[in-house]
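Biologist: Hi, I'm new to this one. Could you walk me through it?

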Amino acid sequence: MTILNQPPARKLVSPLNRGAAVLLAICAFAASGAEVAGVRLEDKTQVESKELVLNGAGLRKRVVFNVYVIGLYLPERKSDPAAVLELAGPKRAAIHMLRDVGAEQFTDALIDGLRENHSEADYKALEPRVKELAGIFAEIKEAKKGMAITLDWTGSATQLTANGKPAGKPIAGEDFYRALLRIWIGDRPVQNDLKKSLLGA
């Protein structure tokens, strides 16, 4: 006998299948990279043939102006700033300019960030290499809107590139690269919400 108006059979989804679907969604999101203020950042990049993953990305603002988008690339994702600083291997801070900034102004901003996150004695130890970096920016003259700047730790030195081309000589010392990262993820970062974004929050 046929039973009329029988409700349709309910399709069962096992917890395993549901978990797999969530995992696939997360992987698809991770593979897509990030977009910040119209700037597209790839999920992966390479420094010295070492594959790095996008740890986080955010927008640097000054008063009402959007200055640049920055992405932090690491050998593996980390959410703790101390762990980021101690992580071995190449790293990259990828900066995408959203407005024109003079070399002196850009350098002064970096110096302010370094001073905020280091004692006077520690900054004095870094100062000769800060001057090296300032000299490289002086050669570039201006960080123009649309320019891509990277600060790479190659595993042996800090290398700056502008639009994919090496700029200046490598700067020695991993302590110097860690000092640069503290500008954005140190105890006194240039922007608190930017620090959170770079740490994947």
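Modeller: Happy to; we can talk through the sheet, the helices and then the spaces inside. Keep in mind that this is a predicted model.

Biologist: Great, the sheet then. How many strands does it have, and in what order?

Modeller: The sheet is an open one of 7 strands, in the order β3-β4-β5-β6-β9-β10-β11, and the pairing is antiparallel. At the edges stand β3 (44-47) and β11 (165-172); each has a single partner strand, so one side of each has no neighbour in the sheet.

Biologist: By how many degrees are neighbouring strands turned against each other?

Modeller: On average by 25 degrees, ignoring direction.

Biologist: And what holds strands together in a sheet, generally?

Modeller: Strands of a sheet pair through backbone hydrogen bonds, either parallel or antiparallel.

Biologist: Can you give me a pair to look at here?

Modeller: Try β5 (residues 65-74) and β6 (residues 91-97), which run antiparallel and are joined by 6 bridges. Look for Tyr 68, which stands opposite Met 97 in β6.

Biologist: How many bridges join β10 to β11?

Modeller: There are 5 bridges between β10 and β11, and these strands run antiparallel too. Thr 161 has Pro 166 in β11 as its bridge partner. The two strands form a hairpin with 2 residues between them, and Asn 163 in that hairpin takes a positive phi near 55 degrees.

Biologist: Okay, helices now. Which strands does α4 touch?

Modeller: α4 packs on the sheet and touches β9 (148-153), β10 (157-162) and β11. The direction of α4 makes about 170 degrees with that of β11.

Biologist: And which strands does α5 lie across?

Modeller: α5 lies across β5, β6, β9, β10 and β11, and runs at about 45 degrees to β6.

Biologist: At what angle do α4 and α5 cross?

Modeller: The axes of α4 (residues 120-140) and α5 (residues 174-185) cross at roughly 75 degrees and come within 11 Å. The two helices are therefore roughly perpendicular to each other.

Biologist: Which residues meet there?

Modeller: From α4 you have Leu 126, Arg 129, Val 130 and Leu 133, and they meet Asp 175, Phe 176, Ala 179 and Leu 180 in α5. That contact of α4 with α5 divides into 6 nonpolar, no polar and 2 charged residues.

Biologist: What about α3 and α5, how do their axes cross?

Modeller: The axes of α3 and α5 cross at roughly 90 degrees and come within 8 Å. So α3 and α5 are roughly perpendicular to each other. In α3, Leu 110, Gly 113 and Leu 114 meet Ala 179, Leu 180, Ile 183 and Trp 184 in α5. The contact of α3 with α5 has 6 nonpolar, 1 polar and no charged residues.

Biologist: Let's switch to pockets. What volume does the largest pocket have?

Modeller: The largest pocket has a volume of about 420 Å³. Its lining has 21 residues, with Arg 60, Arg 62, Val 67, Gln 105 and Ala 109 lying nearest the centre.

Biologist: Which elements give two or more residues to that lining?

Modeller: Those are β4 (50-62), β5, α3 (103-116) and α5. α3 gives the most to the lining of the largest pocket, with 8 residues.

Biologist: And how does the pocket lining split by class?

Modeller: The lining of the largest pocket has 11 nonpolar, 2 polar and 8 charged residues.

Biologist: Now the cavities. How many are there of 30 Å³ or more?

Modeller: The count comes to 1 cavity of 30 Å³ or more. The largest cavity has a volume of about 40 Å³.

Biologist: Which residues line the largest cavity?

Modeller: Ile 70, Leu 72, Ala 93, Leu 181, Trp 184, Ile 185 and Leu 198 line the largest cavity. β5 and α5 each supply at least two residues of that lining, and the largest share, 3 residues, comes from α5.

Biologist: How does that one split by class?

Modeller: The lining of the largest cavity has 7 nonpolar, no polar and no charged residues.

Definitions and conventions: Residues numbered from 1 in each chain as written. Predicted model: local features only at pLDDT ≥ 70, side-chain atom pairs only at ≥ 80, totals over all residues. Heavy atoms only, no water. Axes fitted to C-alpha atoms, helices over the stretch in contact; angles between N-to-C directions. Helix = DSSP H or I, 4+ residues; strand = E, 2+ residues; numbered from the N terminus. Parallel < 35°, antiparallel > 145°, perpendicular 65-115°, else oblique. Contact = heavy atoms within 4.5 Å. Nonpolar A, V, L, I, M, F, W, Y, C, P; charged D, E, K, R; others polar. Pairing = 2+ DSSP bridges. 1 Å grid on protein atoms, 1.4 Å probe; cavity = no way out; pocket = protein on both sides within 12 Å on 5 of 7 lines; lining within 4 Å. Points joined across faces, edges and corners; volume = space filled by probe spheres on them.
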